[in-house]
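Q: Please take a close look at one part of this structure and describe how it fits with its surroundings. I would like the packing, the strand pairing and the charged pairs covered in one connected account.

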Amino acid sequence: MKLNELYEIYVNDVELEKKRTTLDSISYRYKNRLKDRFGDLELKDITLDMIKDYQKEMLYEENLSADYINRVIGILKQILDCGVIKGYVAINPLSNIKKVRDQYNVKKEPVVWELETFKVFESYIDDDMDRLLFNLLYFLGLRKGELLALKWNQVDFEKKSIHIISTAVQIVGRGQVITTPKTTHSIREIIMNDSMFDLLSEYYFKVKMQYEVTSHLFVIGSEKMISFSALDRKLSKYLKKSGVEKITLHGFRHSHATMLSRLTTDIKSISERLGHESIDVTINTYIHSNSSAQRQLASLLENEVVQAEDSMSFNDFTNYLEKMLLKEVTGVNKQYKETEIKGIISIYNFVRNKEYLC
């Protein structure tokens, strides 16, 4: 039996176990990396030395990352494991193959932005939705798909948090769709710092003036989810206008994680906030943290934003009044006329901004 034949058997065998996006990734890497090289070979002719030579070629001649090489060879190992289980081959020649180590390849550090750089970048944003978009990426560390899939019914205005329960992905033959996150750790609650919450609330008020029901709307894009390519274009536009150091969309997430790591040594809370599958992504072993630690992170983040030891405090009455007004505007079962909603928003802004102290 040839490897190409075993590949088809393997894909059919794991189709119900793996997510569609994972299968697409396997298919892409097999067709672009393994099919032409090994596809027409008989299983018995595939040797460990042959694969080691291919590892070296990818590493030294193509300068590919160790992580990418290990993923490609990992797919080949899984296919051959399937062959062993089904009796098409006696032994998997890759059973003892070693992974390529990162130390063999120079790893390029991702660009991260300090808060000052982000503020310069933000000052060139001339659209309210775009301003919210990049603030959500920078101050909450969202993945691109999580941002695009976010709807208003996932925002808890009373707790000042958002719930990540879905993500947008590109699926071959179907385009951009919403699906569940790849791991359960990605499903999480993220508590916002005050500045982030204020920006989100202000934008929500504008949306509320246009739509009576908002729960089904996307936070970024309204009735329709914007595309990944549109997201890329927005970043390119403001990078060009601002002239700051170029960064990728995922770089906003790196920047968020870097900022948090400087503010606290509580790595388990950072891991939970970012939705990492394992704390190994941040450090060692993943440990679940509680919401009080999350609130401490949000508080620390706010202190970094305002750069002041003593933030402005509110007395019990104004705190209560502010929360009640916000609850009236954001409540899904509240029925107010347009003029009444405008009035509540005006009062809320008056209380929040403490105009009565002027």
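A: The account starts from one helix end, follows its contacts into a helix pair and a sheet, and closes with the charged pairs.

This is a predicted model, in which local features need pLDDT of at least 70 and side-chain atom pairs count only at pLDDT 80 or more, while totals for chains, interfaces and linings use all residues. Residues are numbered from 1 along each chain as its sequence is written, and side-chain values use heavy atoms, with hydrogens and water left out.

Leu 274 belongs to helix α11 (residues 267-274); helices (H or I, at least four residues) and strands (E, at least two) are DSSP runs, numbered from the N terminus. Its relative accessibility is 1%, so Leu 274 counts as buried. Buried here means under 20% relative accessible area, exposed means over 50%, and partly exposed lies in between, with a 1.4 Å probe and protein chains only. The helix as a whole is mostly covered, with 6 of its 8 residues buried. Those buried residues are Ser 269, Ile 270, Ser 271, Glu 272, Arg 273 and Leu 274. Just after α11, Gly 275 has a positive phi of about 75 degrees.

What does Leu 274 touch, leaving aside residues up to four places away in sequence? The partners are Gly 141, Arg 143, Arg 188, Arg 253, His 256 and Ala 257, where contact means heavy atoms within 4.5 Å. Between Leu 274 and His 256 the C-alpha to C-alpha distance is 9.0 Å, and 18 residues separate them in sequence.

Two of these partners, Arg 253 and His 256, also take part in a helix pair, as residues of α10 that meet α6. Two packed helices are described by the angle between their axes and the distance between the axes. For α6 and helix α10 (residues 249-263), the angle is about 40 degrees and the axes are 6 Å apart. That makes the two helices oblique. Axes are lines fitted to C-alpha atoms, for helices over the stretch in contact, and angles run from 0 to 180 degrees between N-to-C directions. Angles under 35 degrees count as roughly parallel, over 145 as roughly antiparallel, 65 to 115 as roughly perpendicular, and the rest as oblique. On the α6 side, the contact involves Phe 134, Leu 137, Tyr 138, Phe 139 and Leu 140. On the α10 side, Leu 249, Phe 252, Arg 253, Ser 255, His 256 and Met 259 meet them. By class, this contact has 8 nonpolar, 2 polar and 1 charged residues. Ala, Val, Leu, Ile, Met, Phe, Trp, Tyr, Cys and Pro count as nonpolar, Asp, Glu, Lys and Arg as charged, and the others, Gly among them, as polar.

The sheet comes next. Its 3 strands form an open sheet in the order β1-β2-β5, with antiparallel pairing. β1 and β5 stand at the edges with a single partner strand each, so one side of each has no neighbour in the sheet. Two strands pair if DSSP finds at least two bridges between them. β1 and β2 are joined by 2 bridges, and β2 and β5 by 4 bridges. In the first pairing, Val 155 stands opposite Ile 162 and Asp 156 opposite Ser 161. Ile 162 also stands opposite Ile 190 in β5. β1 and β2 make a hairpin with 4 residues between them, and Lys 160 in the turn has a positive phi of about 55 degrees.

A charged pair also involves this sheet. Glu 189 and Lys 159 form a salt bridge, with the closest N and O atoms 3.1 Å apart. Glu 189 is in strand β5 (residues 188-191) and Lys 159 in the loop between β1 (155-156) and β2 (161-164), so the pair ties together parts 30 residues apart in sequence. Lys 159 is partly exposed, at 34% relative accessible area. A salt bridge is a side-chain nitrogen of Lys or Arg within 4 Å of a carboxyl oxygen of Asp or Glu.

The structure holds 18 salt bridges. One of them links Arg 131 and Asp 128, with a closest N to O distance of 3.4 Å. These two residues are 3 apart in helix α6 (residues 128-140), so about one helical turn separates them. Both are partly exposed, Arg 131 at 22% and Asp 128 at 38%. Elsewhere, Asp 126, Lys 237 and Lys 241 are linked in a network of salt bridges.
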